[in-house]
Each structure stands twice: as C-alpha cells, then as structure tokens.
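New to this one? Here is a short, friendly tour to read with the model open beside you.

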Amino acid sequence: MNIEQFVAQSEGTWRSMRSGHSLAFQQFEDVLSEVQIASVDQTDADINSLIHSSSLDESSAKVQAPFRMTWSAESDWEPDDPSEVSSGSCLIVPVPIDAQRGHLLRSLGYAEAAPAESTYCFLDDGTFVLTTQYEQSIAEERIWFVSEHVRCRSSVLRTSAGSGVLQTSFASEVRRLSS
C-alpha cells in the first residue's frame, strides 16, 4: 500500500460508528458520523498555503493525492443537547518521503483544533499509521481496510510526554454505495 492507493481506496462517503473511552474523565462516548473523502486537485491554492505554513521545505515538498475530509457527527457527550450535530472539514496534504512513509499536513488537527503536521507510515499488512505531536498530546491513529467497503480506525491519545493514555477509540466504517 502507498499513499495514492490508500487515498483512492478511501474516497467516498462513509458511515462511521465510533466508541471512545476518556480515561482522564472516566467516560465512554458513542459517535455516529458521516465522513466524506474527496480528492483535491494538486493545483488548489489552499495546498500551497498549507505547505507554506508548515515546517517542510517548500521547494522539495512533493505533494501526492491531496484530499478533503468533511464530517458530520452526533455524540452522546454533547452536554446540553445529545442530538446536537458537530461538523467540519479539513484539507489533508500527504508529502511522501518514500513509498511507505511521509508527512501529512492537515488544516485542522484530530486532537486539537489547529493545523497539524503528522508523520505516517504503512505497515506490511497495509495498515496506515498516523502520528501527530500536538502541544498538549500525542495522537496515534491506525486505519485499515477489512474489505473494499469496510474499514476500521483506532486511535490512542497520550500525554505530550507519551507516558499516560488520555483517550482511546475504535471506529468501524462502511462505505455508502449509491443505488
């Protein structure tokens, strides 16, 4: 698996069911969401802006398979209204180092609502592993395909020192097929 294959296999609309466990707050969370993944043209101006604001060398950054991820989610953690829907969108720009690993720039992070720079690699079984160092935490996310239309995601959020686990989650996602 390489980043172009991974993005191509991920494109589409996914129905996601995620369970999270916050060890810090000793709470469980159930989230139902719809996630849309669509490729973005490499000439999109937002890509250059994201690279420019990153720590990567702009002249050597070879972008491959950029995409936009959009989501709409319902969580049972919403304190005032459990049926409240949260939604968002972010631009994701992979910058490979080689066929198996690279950098991933995101206009909005997973664990903190700020642009994020991550590293990624593919394991021998095709699992995509994404690691992001934030100011207050370290997130590791794994995504793997069970079949063409089913994929799984797991994540672990650790303290910035890496010694304590703050949150874990697991999601199963099913691609929506058009009729």
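## Strands at the C-terminal end

In strand β8, the residue that bridges to Gln 133 is Ile 138. That pairing belongs to a wider match, since β7 (residues 128-133) and β8 (residues 137-147) run antiparallel and are joined by 6 bridges. Getting from β7 to β8 takes a hairpin of 3 residues. Keep in mind as you look around that this is a predicted model.

Strand β8 has another partner too: β9 (residues 150-159) runs antiparallel to it, with 10 bridges between the two. To find your place in that pairing, look for Ile 143, whose bridge partner in β9 is Arg 153. Here the hairpin from β8 to β9 goes through 2 residues.

## A crowd of rings

Now for the aromatics. There are 8 aromatic pairs in the structure. Take Phe 6 and Phe 128: their ring centres sit 4.4 Å apart and their planes meet at 15°, so this pair counts as stacked. Phe 6 belongs to helix α1 (residues 3-10) and Phe 128 to strand β7, so their pairing ties together parts of the chain 122 residues apart in sequence. Phe 6 and Phe 128 are both buried.

Tyr 120 and Phe 122 show another arrangement: with ring centres 5.9 Å apart and planes at 75°, they make an edge-to-face pair. Both Tyr 120 and Phe 122 are buried as well. Step back and you'll see one aromatic cluster made of Phe 6, Trp 14, Tyr 120, Phe 122, Phe 128 and Phe 145. Trp 14 has a charged visitor, with Arg 151 lying over the face of its ring, 5.0 Å from the ring centre.

## The nonpolar core

Which residues touch the most other members of the largest nonpolar core? Out of 17 residues in that core, they are Ile 3, Phe 6, Val 7, Leu 104, Tyr 120, Phe 122 and Phe 128. Several elements chip in: α1, β2, β4 (85-96), β6 (116-122), β7 and β8 each provide at least two residues of this core. Helix α1 gives the largest share, with 3 residues.

## Helix α2 and its two sides

Next stop is α2 (45-52). Its buried residues are Ile 47, Leu 50 and Ile 51. These three span an arc of only 100° around the axis, which places them on the same side of α2. Turn to the face pointing away from that buried side and you'll meet the exposed residues Ala 45, Asn 48 and His 52.

What caps the N-terminal end of α2? That job falls to Asp 44, with a side-chain oxygen 2.7 Å from the backbone nitrogen of Asp 46.

## Two buried polar side chains

Arg 18 sits in strand β1. With a relative accessible area of 16%, Arg 18 is buried, because the cut-off for buried is under 20%. Arg 18 also makes a good example of how the chain folds back on itself: Cys 152 is 134 residues away in sequence, but the two C-alpha atoms are 9.5 Å apart in space.

Ser 118, found in strand β6, is buried too, at 2% relative accessibility. The side chain of Ser 118 has a polar contact of 3.2 Å with the side chain of Arg 106.

## Two loop residues with positive phi

Last, a pair of backbone curiosities. Gln 26 isn't a glycine, yet its phi is positive, at about 50°. You'll find Gln 26 in the loop between β1 (12-22) and β2 (27-39). Ala 65 is another non-glycine residue with a positive phi, near 55°, and its place is the loop that runs between α2 and β3 (67-75).

Are these two residues buried or exposed? Gln 26 is exposed, with 69% relative accessibility, because exposed means over 50%. Ala 65, at 16%, counts as buried.

Technical notes. Residues numbered from 1 in each chain as written. Predicted model: local features only at pLDDT ≥ 70, side-chain atom pairs only at ≥ 80, totals over all residues. Heavy atoms only, no water. Helix = DSSP H or I, 4+ residues; strand = E, 2+ residues; numbered from the N terminus. Buried < 20%, exposed > 50% of the residue type's maximum accessible area, 1.4 Å probe, protein only. Phe/Tyr/Trp six-rings, centres within 6.5 Å; stacked < 30°, edge-to-face > 60°. Lys NZ or Arg CZ within 6 Å of the ring centre and 35° of its normal. Pairing = 2+ DSSP bridges. Arc of directions from axis to C-beta. Polar contact = N/O pair within 3.5 Å; in protein donor to acceptor, adjacent residues only side chain to side chain. Core = buried A, V, L, I, M, F, W, Y, C linked by side-chain atoms within 4.5 Å.
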